[in-house]
Structures are given as C-alpha cells and as structure tokens.
Amino acid sequence: LRYFLRVTIARQYSPNITEELDVWVRNLTVFPEINNSIKMEVGIEDCLHIEFEYNRSKYHLKDVVLGKIYFLLVRLKIKHMEVEIRK
C-alpha cells in the first residue's frame, strides 16, 4: 500500500507538470487501558474491619487519589488514623 501526494500544474502555453511525493501514515490510536476500581479489606479479627475503595487502580504522579474508607466493624477506640500510600 502506498500513500502519496500528486500535484499537477496545468499550463496552457507548455506541457503540464506533475510531481509525486510519498507520504508516511502512522496510526496513533492508543487502546484504552483497563483502569478498574480497587477494593481492599483489612482488619483485626473480631475487633476492626476497614474497607478501602479507590476509583482507579492506576494513577499519575500528579493525580489526586480519591476514594472511600468504610469502617465495617469497630470494637476499639480509635484516637488517630493515618493513610499512607507506598509503591
């Protein structure tokens, strides 16, 4: 398969001039990545069960991580809680 650009200059007083120039065609379509949500449940048996839910599984370094934290079972007094994201 060959793609090219053909230019023809029609002149009345002399023969026509025709030039061809090859053109490269690239298909830059990127297939969408599957970026499903993440659900993770952690806890201490019969004391504390926490479920984390994030809307995506892959993030860019400049993205904001959005999600939800559900306390399914709490039988301990929680005074302070921190969430840390590690690679």
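# A five-stranded chain with an exposed nonpolar patch

Leu1, Tyr3, Leu5, Val7, Ile9, Ile17, Leu21, Val23 and Val25 together make a nonpolar patch on the surface, and their accessible area adds up to about 890 Å². The model described here is a predicted one. Two strands each supply at least two residues of this patch: strand 1, covering 4-9, and strand 2, covering 17-22. Strand 1 gives the most, with three residues.

One member of the patch can be looked at singly. Leucine 21 is part of strand 2. Its relative accessible area is 54%, and leucine 21 therefore counts as exposed, the cut-off for that class being over 50%.

**Overall form**

The chain contains zero helices and five strands. Followed along the sequence, these elements give the pattern β-β-β-β-β. The C-alpha trace spans about 100 × 25 × 20 Å along the principal axes of the chain. The radius of gyration is 31 Å, whereas a compact globule of 87 residues would have a value near 12 Å. Of the 87 residues in the chain, 6% are buried.

A single pair of residues gives a distance within this form. Asparagine 35 sits in the loop between strand 2 and strand 3. With a relative accessibility of 29%, asparagine 35 is partly exposed. The C-alpha atom of asparagine 35 is separated by 26 Å from that of leucine 72, and the two residues are 37 residues apart along the chain.

**The sheet of strands 3, 4 and 5**

Three strands form an open sheet in the order 3-4-5, and their pairing is antiparallel. Strand 3 (38-44) and strand 5 (67-74) are the edge strands, each of them pairing on one side only. On average, neighbouring strands in this sheet are turned by 15 degrees against each other, with direction ignored.

Strand 4 is made of residues 48-54, and its antiparallel pairing with strand 5 runs over seven bridges. Which residue of strand 5 is the bridge partner of histidine 49? The partner is leucine 73.

The loop between strand 3 and strand 4 holds aspartate 46. Most residues other than glycine have a negative phi. Aspartate 46 is not a glycine, yet its phi is positive, at about 60 degrees.

**Salt bridges**

Side chains of opposite charge can pair when their charged atoms come close. In this structure there are four salt bridges. Three of them are listed below with the distance from N to O.

| Basic residue | Acidic residue | N to O distance |
|---|---|---|
| Arginine 2 | Glutamate 20 | 3.3 Å |
| Arginine 6 | Glutamate 20 | 2.7 Å |
| Arginine 56 | Aspartate 63 | 2.8 Å |

The salt bridge of arginine 2 with glutamate 20 joins side chains. This pair links distant parts of the chain, with arginine 2 in the segment before strand 1 and glutamate 20 in strand 2, 18 residues apart. Arginine 2 has a relative accessible area of 47% and is partly exposed. Glutamate 20 is also partly exposed, with a relative accessible area of 38%.

Glutamate 20 takes part in a salt bridge with arginine 6 as well. Here too the pair links distant parts of the chain: arginine 6 belongs to strand 1 and glutamate 20 to strand 2, and they are 14 residues apart. Which residues are linked with these in a network of salt bridges? The network is made of Arg2, Arg6, Glu20 and Asp22.

Arginine 56 and aspartate 63 form a further salt bridge. Are these two residues buried, exposed or partly exposed? Arginine 56 is partly exposed because its relative accessible area, 27%, falls between the 20% limit for buried residues and the 50% limit for exposed ones. Aspartate 63 belongs to the partly exposed class too, at 33% relative accessibility.

Methods:
Residues are numbered from 1 along each chain as its sequence is written. This is a predicted model: local features need pLDDT of at least 70, side-chain atom pairs count only at pLDDT 80 or more; totals for chains, interfaces and linings use all residues. Side-chain values use heavy atoms; hydrogens and water are left out. Two strands pair if DSSP finds at least two bridges between them. Helices (H or I, at least four residues) and strands (E, at least two) are DSSP runs, numbered from the N terminus. Axes are lines fitted to C-alpha atoms, for helices over the stretch in contact, and angles run from 0 to 180 degrees between N-to-C directions. Patches are made of residues with over 30% relative accessible area and no salt bridge: like charges are joined within 9 Å, nonpolar side chains (Val, Leu, Ile, Met, Phe, Trp, Tyr) within 5 Å. Accessible areas come from the Shrake-Rupley method with a 1.4 Å probe; for residues, only the protein chains shown count as cover. Buried means under 20% relative accessible area, exposed over 50%, partly exposed in between (1.4 Å probe, protein chains only). The radius of gyration is taken over C-alpha atoms; the globule rule is 2.2 Å times the number of residues to the power 0.38.
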